[in-house]
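Q: Could you take a close look at one part of this structure for me, the largest nonpolar core? I'd like to hear what builds it and how its pieces pack.

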Amino acid sequence: MIDELIGRAAADDDDAIEELTEIADAEPERLRPYLGRMLDAGVLWPGTMYRAAGADVVARVVALVDAGEEPELIGRCLFVLAHSRHQLAYEAMRRWMDRPPPGADLLHVGMPEYAQEGGWTIDPDGSRRELCGDVAHEWQPREAPAPQFNPECPWCSSPLWTAADLDGSEPALAHTGWAGRLRFRTCFYCSCYTTLFSEVTPDGGSTWWAGNTRPSFLQVNSRPEEPPSLLPVVGRARSNPFRAGAWSAGGSTLGGHPQWIQDAEHPACPGCGLVMNYVGLIGGADLYEFGEGAYYLHVHASCGFAAVTYQQS
């Protein structure tokens, strides 16, 4: 079956590529024995198919980039390396930051940004840092009582939305380094237009960051918008960290890796500039019957900043 899918994918069969991608999401290890053949066939996209790549395949991709024989493929090769999350991938990308490979002038972003597609980054000191966790849980929105005190959004006057209220001891948060209660409070409406930051404290405090910058194109409704009355509750463990779903009901997930609708978008901490850790995804389809898009939650524990971003097709 997989051999047939690879053949079809090499002939640009979109259905075959989608099936291979679904296997990579559900059972990445199933593709491991076939990744060498996929590489031979030029099936490099999407890079998520190479999540289970071993040292042999990763070394071949690194060699392809170093050789520079097909510079137009450098971007796809970097996506493959990012999603492999292999130590050899980090070492090569760290080296290319100082000595760019052939074709690097065709790239629109740097090596750290490519790494972020795979859920990790290269910090300014050259060290590797994981942005996502290896543990993921279903995150099921449930009706919740209205908060006793709920400030208004400074921009649109809508009541702020408590997107999540978490115990920092949750295994899915271990990679963030957060200790204590973690509450995300933001504007459900305005966060659809720009990244919104809040200052958070281990006692559950969450305050709108005064440095949030309102986009010039943001149109404020004549009436404030009521946020969802739902609060996500941690459910069963996901079968692997890649099972978040941004497109359909039931896909909201605490921890693990996000399913991006667009490019990876890990915001930079406004306190120190480092990329923030990913916390979870809340799908619009889990908030409303015809909800769209997804809200992505992030935190930087050492600076006490949380962020909410939004993506839609």
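What follows is a walk through that core and one helix pair in it.

A: Sure, and keep in mind that this is a predicted model. The largest nonpolar core has 40 residues. Inside it, Leu31, Tyr50, Leu78, Leu81, Met93 and Trp96 are the ones with the most contacts. Plenty of elements chip in: at least two residues each come from helix 1 (2-10), helix 2 (14-26), helix 3 (35-40), helix 4 (55-67), helix 5 (74-84), helix 6 (87-98), helix 7 (111-117) and strand 1 (120-122). Helix 5 gives the most, with six residues.

Leu81 is a good place to zoom in. Leaving aside residues up to four places away in sequence, Leu81 touches Val58, Val61, Val62, Ala89, Met93, Trp96 and Trp120.

Now for the helix pair. The axes of helix 4 and helix 5 come within 10 Å and cross at roughly 150 degrees. That angle is over 145 degrees, so helix 4 counts as roughly antiparallel to helix 5. Their crossing is left-handed. On the helix 4 side, the contact is made by Val58, Val61, Val62, Leu64 and Val65, while helix 5 brings Ile74, Cys77, Val80, Leu81 and Ser84. Sort those contact residues by type and you get nine nonpolar, one polar and no charged. As a rule, nonpolar side chains in soluble globular proteins tend to be buried together.

One last thing: there's also a second, separate core of 23 residues, with Trp161, Trp178, Ile282 and Leu287 among them.

Terms used: Residues numbered from 1 in each chain as written. Predicted model: local features only at pLDDT ≥ 70, side-chain atom pairs only at ≥ 80, totals over all residues. Heavy atoms only, no water. Core = buried A, V, L, I, M, F, W, Y, C linked by side-chain atoms within 4.5 Å. Buried < 20%, exposed > 50% of the residue type's maximum accessible area, 1.4 Å probe, protein only. Helix = DSSP H or I, 4+ residues; strand = E, 2+ residues; numbered from the N terminus. Contact = heavy atoms within 4.5 Å. Axes fitted to C-alpha atoms, helices over the stretch in contact; angles between N-to-C directions. Parallel < 35°, antiparallel > 145°, perpendicular 65-115°, else oblique. Left-handed = near helix turned anticlockwise from the far one by under 90°. Nonpolar A, V, L, I, M, F, W, Y, C, P; charged D, E, K, R; others polar.
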